[in-house]
Amino acid sequence: MVKTFACSFTATNLDARQGIQSVVSKLRSLGVPGARVDEVQIALTEAVNNVVEHAYEGSPPGDVRIRGELFPERLWISIQDAGSPFPKGELPEGKPADVSGPADSLPEGGFGWFLIRELASQVQYERSEGNNNLSLCFEIQVTSPSANS
């Protein structure tokens, strides 16, 4: 049986943090193993932070909608926003950042898409009807909620 959940919030740092925490709490209550929930949280945080920082950059923050579909062996998380599309309509490659230089010249960012692609088994993006639609798939093994206590 598929279990679904959803939340929405305004694309601000504070509201994003609360929205992500809501998803994390829901995943734990549905029996998703703690280590996998932590990985989903990292990928989801990176994706939602990109919406907050880039999709609505230069305009008032709009809504972010997250929908989850939990199947027995996988979790799909969909993130939708009405912000600016990705350049050329394509997701960034997500190459690992070059960290070979001196410590004071290391990049402060550029790790997000690499992390998302490493943690999710599938990453899909489409722009339709003025919305960005990002879907992340995570392979999981659900345990009974009482086993996570």
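**Pocket lining, sheet and selected residues of a predicted model**

The lining of the second largest pocket comprises 4 nonpolar, 5 polar and 3 charged residues (Ala, Val, Leu, Ile, Met, Phe, Trp, Tyr, Cys and Pro count as nonpolar, Asp, Glu, Lys and Arg as charged, and the others, Gly among them, as polar). The structure is a predicted model, in which local features need pLDDT of at least 70 and side-chain atom pairs count only at pLDDT 80 or more, while totals for chains, interfaces and linings use all residues. Residues are numbered from 1 along each chain as its sequence is written, and side-chain values use heavy atoms, with hydrogens and water left out.

The volume of this second largest pocket is about 160 Å³. A pocket here is an open set of points on a 1 Å grid over the protein atoms alone, where a 1.4 Å probe fits, with protein on both sides within 12 Å along at least five of seven lines; lining residues have an atom within 4 Å of a point. Grid points are joined across faces, edges and corners, and the volume is the space filled by probe spheres set on the points. Lining the second largest pocket are Arg 65, Ile 66, Arg 67, Ser 78, Ile 79, Gln 80, Gln 124, Tyr 125, Glu 126, Asn 133, Leu 134 and Ser 135. Strands S2, S3, S4 and S5 are the elements that give two or more residues to this lining.

Turning to the overall fold, the chain holds 3 helices and 5 strands, taken as DSSP runs numbered from the N terminus (helices H or I, at least four residues; strands E, at least two). Along the sequence these elements follow the pattern β-α-α-β-β-α-β-β. Of the 149 residues, 36% count as buried, where buried means under 20% relative accessible area, exposed over 50%, and partly exposed in between (1.4 Å probe, protein chains only). Among contacts between residues at least 6 apart in sequence, 65% join residues at least 24 apart; a contact means heavy atoms within 4.5 Å.

The 5 strands form an open sheet in the order S1-S2-S3-S5-S4, with antiparallel pairing (two strands pair if DSSP finds at least two bridges between them). Strand S1 (3-10) and strand S4 (122-128) stand at the edges with a single partner strand each, so one side of each has no neighbour in the sheet. From one strand to the next, the twist averages 15°. At one edge, S1 pairs with strand S2 (residues 63-70) in the antiparallel sense over 8 bridges, and Lys 3 stands opposite Leu 70 in S2. Helix H1 (residues 13-29) packs on the sheet, where it touches S1, S2 and strand S3 (74-81), and its direction makes about 170° with that of S1. For such angles, axes are lines fitted to C-alpha atoms, for helices over the stretch in contact, and values run from 0 to 180 degrees between N-to-C directions.

At the other edge, S4 and strand S5 (residues 131-139) pair in the antiparallel sense over 7 bridges. Gln 124 stands opposite Ser 135 in S5, and both residues appear in the lining of the second largest pocket. The two strands S4 and S5 make a hairpin with 2 residues between them, and Glu 129 in the turn has a positive phi of about 50°. Glu 129 counts as exposed, at 80% relative accessibility. Most residues other than glycine have a negative phi. Lys 88, which is not a glycine, also has a positive phi, of about 60°. Lys 88 lies in the loop between S3 and helix H3 (112-119) and, at 80% relative accessibility, counts as exposed.

Three asparagines complete the picture. Asn 131, in strand S5, is buried with a relative accessible area of 16%. Leaving aside residues up to four places away in sequence, Asn 131 touches Arg 65, Gln 80, Asp 81, Ala 82 and Glu 126. Asn 50, in helix H2 (residues 34-55), is likewise buried, its relative accessible area being 17%. With residues up to four places away in sequence not counted, Asn 50 touches Ala 55 and Trp 113. Asn 49 also has its place in helix H2 but is partly exposed, with a relative accessible area of 26%. The C-alpha atoms of Asn 49 and Asn 13 are separated by 7.6 Å, although these residues are 36 residues apart along the chain.
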